[in-house]
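Here are some comments on the model you sent. Please read them beside the coordinates.

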Amino acid sequence: MFMREALVEAKKAAEKWEVPVGAVLVQHGKIIARGFNLVEQLRDSTAHAEMICIKEASNVLRSWRLAETTLYVTLEPCPMCAGAILQARVDTLVWGAPNKLLGADGSWVRLFPIGEGATASGGTDKPAPPVHPFHPK
């Protein structure tokens, strides 16, 4: 259900001739923030769906710490977005499609730890992810 909502956001990006990526952030079963790529419109290389969604969520929660949240994004995050996700203390990430060019969850590099019940994407030939101090599991 939440990934479908992220796809709605991706469609908004596509309609603006942006790379069609969308994101929603969920807390306690409710969407608290949405975002889609606006790189071209804003002429801002940081205006990725995840970054916009994280900024909106921080305003809604009045905190940069996004504890007890799950981010649903249609494309595997890049290293910039991965860093923001880790810094914001987002608990869980769910992404839809691999990003072979810049994916930071194992498609290009691995910046996220593997969560409980998850496996490394793409098989066992990838190095183990780092143990992150904010996200040990």
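The points below go from the chain as a whole to its cores and then to one residue.

1. Basis. This is a predicted model, in which local features need pLDDT of at least 70 and side-chain atom pairs count only at pLDDT 80 or more, while totals for chains, interfaces and linings use all residues. Residues are numbered from 1 along each chain as its sequence is written, and side-chain values use heavy atoms, with hydrogens and water left out.

2. Fold. Four helices and four strands make up the protein chain (DSSP runs, H or I of at least four residues and E of at least two, numbered from the N terminus). Their order along the sequence is α-β-β-α-α-β-α-β.

3. Burial. Of the 137 residues, 42% count as buried (under 20% relative accessible area, 1.4 Å probe, protein chains only; exposed is over 50%, partly exposed in between).

4. Cores. The largest nonpolar core (buried Ala, Val, Leu, Ile, Met, Phe, Trp, Tyr and Cys joined through side-chain atoms within 4.5 Å) has 24 residues, and Leu25, Leu66, Leu71 and Val90 have the most contacts inside it. Strand 1, strand 2 (30-36), helix 3 (49-61), strand 3 (69-75) and helix 4 (79-87) each give it two or more residues. Another core, of five residues, lies apart from it and includes Phe2, Val24, Val26 and Tyr72.

5. Glutamine 27. This residue is in strand 1 (residues 22-27) and counts as buried because its relative accessibility is 17%. Beyond its neighbours within four places in sequence, glutamine 27 is in contact (heavy atoms within 4.5 Å) with Ile32, Leu61, Ala67, Glu68 and Thr69.
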